[in-house]
Amino acid sequence: LWRMFTVNNTSITRHEYNALDEAYEFFNTRLFDGQLPACLITLNRHPRERGFFCADRFEHREQDQKTAEIALNPDTFQDRTDREILSTLVHEQVHLWQHYFGKPSRSGYHNREWATKMEEIGLMPSSTGESGGARIGQHMTHYVLPGNRFAVAAQELIARGFKLSWQSPENLRGSTKTTRAKFTCPNCKQNAWAKPNARLVCGDCNQLMTT
């Protein structure tokens with residue numbers, strides 16, 4: 001019975017969370033000069049998000065101390081490489097950096113300071129995840145800049161043997177699916193969310209928005 005809950009005689013929980021903790025510390029050293037304080041890393045399902053950052057999410061049960069949370073959504077791991085998942089971790093580390101050392105905007109908004117830091121460490125902010133997407137905004141993702149700092153660091157970490165082993169099965173991921181689709185104005189890149197079959201027109205540009 002014990003072996004049902006272990007992988008190579010190592011606790012599943014310990015193995016997976018140790019890997020994430022190792023990655024956090026590795027990128028903290030390589031990309032943030034060791035500035036980032038400790039935080040609590042979790043695997044946490046959040047609809048429509050690959051990951052999220054929340055400041056002061058946890059408080060110590062006995063001491064007057066709080067810590068931030070960085071969460072990764074295991075429902076989004078399938079069909080993504082370890083490097084891609086690690087880029088989400090670093091995306092959220094930039095939010096943590098900005099919380100302690102910068103000037104974050106309203107909750108969830110990705111401002112120019114955040115975008116500049118992302119580019120500095122080798123991740124290009126993009127509302128679409130591709131070249132040409134908006135650089136700042138409320139709902140943002142990114143893509144990896146080839147040969148830049150993150151790409152080089154991630155390659156080194158993976159070469160050391162870093163590996164994530166667990167993800168949510170596809171048939172159990174219905175809780176994160178959404179009936180909304182993202183629409184983008186082809187002219188000003190403004191985004192909106194509505195039912196997939198909706199026809200939205202940008203009020204500023206009078207252009208039909210596309211998914």
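Start by selecting Arg57 and Glu69 in this predicted model: their side chains form a salt bridge, with the closest N and O atoms 3.4 Å apart. Colour the two strands as well, and you will see that the pair links distant parts of the chain. Arg57 sits in strand β4 (residues 51–59) and Glu69 in strand β5, 12 residues apart. Now switch on a surface. Which partner is buried? Glu69 is, at 2% relative accessibility. Arg57, at 43%, counts as partly exposed, because the partly exposed class runs from 20% to 50% relative accessible area.

This salt bridge has company, since the structure holds seven of them. For another one, select Glu120 and Arg149, whose side chains meet at 3.9 Å, N to O. Here the link runs between helices: Glu120 belongs to helix α3 and Arg149 to helix α4, 29 residues apart in the chain. Glu120 is partly exposed, with a relative accessible area of 41%, and Arg149 is partly exposed too, at 32%.

Next, pick Arg160 and Glu156. They form a salt bridge with their closest N and O atoms 3.4 Å apart. Arg160 counts as exposed, at 52% relative accessibility, while Glu156 is partly exposed at 30%. Keep both selected and add Arg30: what links Arg30, Glu156 and Arg160? A network of salt bridges does.

Time to go inside. Hide the surface and show Phe27, Leu31, Phe32, Leu86, Val90, Leu96 and Phe150 as sticks. Within the largest nonpolar core, which has 37 residues, these touch the most other members. Then colour α1 (12–32), β5 (66–72), α2 (82–101), α3 (112–121) and α4 (149–159), the elements that give two or more residues to this core. Which of them gives the most? That is α1, with eight residues.

Centre the view on Val90 for a closer look. Leaving aside residues up to four places away in sequence, which residues does Val90 touch? Its contacts are Phe27, Leu31, Phe32, Ile121, Leu123 and Phe150. Among these, Phe27, Leu31, Phe32 and Phe150 are also on the list of core residues that touch the most other members.

For the last stop, select Cys185, Ala194, Cys202 and Met209. They are among the six residues of a second core, separate from the one you have just explored. Show their side chains as sticks to finish the tour.

Terms used
Residues numbered from 1 in each chain as written. Predicted model: local features only at pLDDT ≥ 70, side-chain atom pairs only at ≥ 80, totals over all residues. Heavy atoms only, no water. Core = buried A, V, L, I, M, F, W, Y, C linked by side-chain atoms within 4.5 Å. Buried < 20%, exposed > 50% of the residue type's maximum accessible area, 1.4 Å probe, protein only. Helix = DSSP H or I, 4+ residues; strand = E, 2+ residues; numbered from the N terminus. Contact = heavy atoms within 4.5 Å. Salt bridge = Lys/Arg side-chain N within 4 Å of Asp/Glu carboxyl O.
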